[in-house]
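Student: I have just opened this model and would like a close look at one part of it. Please take me through it in one go.

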Number of protein chains: 2
Amino acid sequence: MTMNKQLLLKKRPVGLPTKDTWGLVETEIPIPGDGEVLLQLEYISLDPAMRGWLNDVRSYIPPVQIDEVMRAGGVGKVIESNHADFKVGDYLYGNPGVQQYAVTDGKGYHKVDASLAPLPVYTGTLGMPGMTAYFGILEVGELKEGDAVLVSGAAGAVGSVVGQIAKIKNCKVIGIAGGAEKCQYLIDEMGFDGAIDYKNQDVKVAIKKHFPKGIDVYFDNVGGDILNHALGRLAMRARIVICGAISQYNNTTPVKGPSNYLSLLVSRGTMRGMVVFDYAKNYGTAAQQMGQWMMEGKLKSREDINVGIENFHETFLKLFSGEKMGKLVLKVSEG
Amino acid sequence: MTMNKQLLLKKRPVGLPTKDTWGLVETEIPIPGDGEVLLQLEYISLDPAMRGWLNDVRSYIPPVQIDEVMRAGGVGKVIESNHADFKVGDYLYGNPGVQQYAVTDGKGYHKVDASLAPLPVYTGTLGMPGMTAYFGILEVGELKEGDAVLVSGAAGAVGSVVGQIAKIKNCKVIGIAGGAEKCQYLIDEMGFDGAIDYKNQDVKVAIKKHFPKGIDVYFDNVGGDILNHALGRLAMRARIVICGAISQYNNTTPVKGPSNYLSLLVSRGTMRGMVVFDYAKNYGTAAQQMGQWMMEGKLKSREDINVGIENFHETFLKLFSGEKMGKLVLKVSEG
C-alpha cells in the first residue's frame, strides 16, 4: 500500500448531502518531517456536527473549504515517528480528517490505550460525544440529584451517555428516539426509565405523561418540534441544554424557531448553548471518571461500525435517517 | 360620591381587546372591616403583562376570571382605617384592580411617600416596572461593566430604566423604539448611546452597525423579529433576558419562535426568562438604590398620564400601538 485515499469536500450541499458533495482521491502517503508522526487511521468518527461544517457561514469553527479533506475525528496507529512523545505502535486520537493516512506534529492529538477499550469507543463514549454529554448535562444542564431529565437523540452517541450519567446521578430519565427497537434498547440496555418513540407516538402527549411535574433538564440534540414540545412542559427553573439540532441541519427552508420559548418566562427557565471545545482543559478528569464508570459497568457504549472509506457517503446519511444504533464510525483501513 | 366604578372583564379577547372585552359597573363603596382600610385609588398602572392575564391558560399567575374586576397595580389614599399600621391620609401601592375604591387588609400593599416622588412614579420607575428592570438587567442579565447592551421596548416603563441602569454601570446602551421622537428621547433625555427606530429602520442592519463586536446583554420586551435579529448578533457568552413579548401578545396565530436560537450554541449564550415577583424579598433594597439614583439625577422617570376610568379601553390599547411615552397610567379619581 503506497497510496492514501482521501475524501474531499467537492460541493456545498443544499439540504441533505448527495453523492457529488464528496470526491474520493488517491495521493501519495505523506512523509513525516522532524517532530512529526505518520498515522495509519483505523476508525473515523461520523457526527451530526459535521453537517454544519459544510455550510459557508460564521459558526463556532470555520467551514471546511472546497477541495479540502473533510474534517473528522479519528483514531490511528503511529507507523513512523520522528516525535519524542509518540512511538511506532501508539494509538492516537485527534482530527485527521476522512483519509487513510495523516502526518501530524501531535498538536490536538492524544494517546489512547487500546488495551482498556476497543478503539471505536475513543470516538464515542470516551471521545468527543462522551465529553459533550458529560459537560453538557453536568455543567451546562446543572444536573441535580432527583431531577426529571428528558433527552432527545437518546440512542445516539451523545444522548445515550447523557441519559446514563443522569441515571448514575439518581435522576429520572426519559429518552426520545426513533422506532420501537431503539426505545427498547434505551430501557433494556441503557437503563432509562422510559422512552418516547417520536416516529410512532404523539411526543407532546407522551412528554406530558412522563413528566407530570414538568421537566427539570431537557438535553436537546434535535431541535424542531421536539424542542418545542419540551419547552411546553418545563418545571420551575428548568434548564435546556442546546447541544445540537439534527432535525434542522439539512433544512432548505429557514430553521424552525421554538414558538413555546415564552415558557422560559413562565418557568423562569434557562436555555443555554454549548460547544464541547470550551471544556478541553478538563477532558482528562472527565475521561478518567467516564472510564471508571465503564469499568464498573455503569456506563455502556455501543458503536455502529461501517467499513470502507468509499462508503463514507452512505454511512454519513445514516446520521440523519436514524438507521444506526449508537456511535457511528467508519473503518477506513486495517490496523 | 357614594358609588364605586369598577372595570370588569366581560369577555376573553381574541387578538387585540375590543370595547366589549370590558364592562364598567357601579357598585356601593365597600366598608372596611376590622384590620382593613378603605382606599380611594388615584392612579392605576397599565402594563403589557395585563394582556397575558386575559388568556385562560396556565401561566405564572392565574388568569382574571370573567366578571372579576380587572387585575392591576395602583396607588391610593387611605380614607378610612381599621388597620394598626395604616392611617387616614397614607398612600399605599398594591394590586387593587381597575376601580375607584378598594378595601384591603394590607397584604401585598406598602406605603409610598408622596413627598419624595409624584404618585405615578410609584407605578413605574419606583414600582413593578422599575423592579423588573433592576433585577432583570442586574441579576438575570448578569450585567458587567463595559457590556454592550441592547434593549427593546426601550422607551417603555421597563426598557427606559434598564437602559439607564446599564448606563450607570458604564455600559454601552442602544435602545429599540418606534418612531423618531422616541429614539431622540432615548438619546437626549435618557442618555442612551444610540437608538434604533424599528418603524423606519432595518433593525438587522442597525444592530450590526451598533454592535460591531456583538451584543453582550439583550433585554427583550418585545419578542418576534427583533428578538430574532438580536440572536443573530450575539457576542460570546451573551445573555438574553426574556422579560416579555409585546409583539406577540395579541397574536391570533401561533407565537413566532426565534429561528436564530441556534446562535445560543455558537455564542455559548444563555436565554433566561424572568418574573419580577421572584425578587419580592429584595424590593426594599432595590427601591432604596433606585430612589438614590433618582435624587442624584442619574435615573429619570416619565409617565404618560391618562384620565378617567371610562377611558380604560382606549388607554390600554396605547400599550400595543406604541402611542405613548414612558409609563402608562390612568387617573381614576381625584385625591
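Student: In chain A, how far apart are the mean positions of the positive and negative charges?

Tutor: Happy to help! This is a predicted model, in which local features need pLDDT of at least 70 and side-chain atom pairs count only at pLDDT 80 or more, while totals for chains, interfaces and linings use all residues. Residues are numbered from 1 along each chain as its sequence is written, chains are lettered from A and ligands numbered from 1 in the order written, and side-chain values use heavy atoms, without hydrogens or water.

In chain A, the mean positions of the 36 positive and 36 negative charges lie 9 Å apart. Here Lys and Arg are positive, Asp and Glu negative, with His and the chain ends not counted; each charge is placed at NZ of Lys, CZ of Arg, CG of Asp or CD of Glu.

Those charges belong to a chain whose C-alpha atoms fill a box of roughly 60 × 45 × 35 Å along the principal axes. Of its 335 residues, 58% are buried (under 20% relative accessible area; exposed is over 50%, partly exposed in between; 1.4 Å probe, protein chains only).

Now to the inside. Among the 54 residues of the largest nonpolar core, Leu150(A), Tyr218(A), Leu150(B) and Tyr218(B) touch the most other members. Such a core joins buried Ala, Val, Leu, Ile, Met, Phe, Trp, Tyr and Cys through side-chain atoms within 4.5 Å. Beyond four places in sequence, the contacts (heavy atoms within 4.5 Å) of Tyr218(A) include Leu150(A), Ile226(A), Arg239(A) and Val241(A).

For contrast, Asp67(A) is partly exposed, at 45% relative accessible area, and has a positive phi near 70°.
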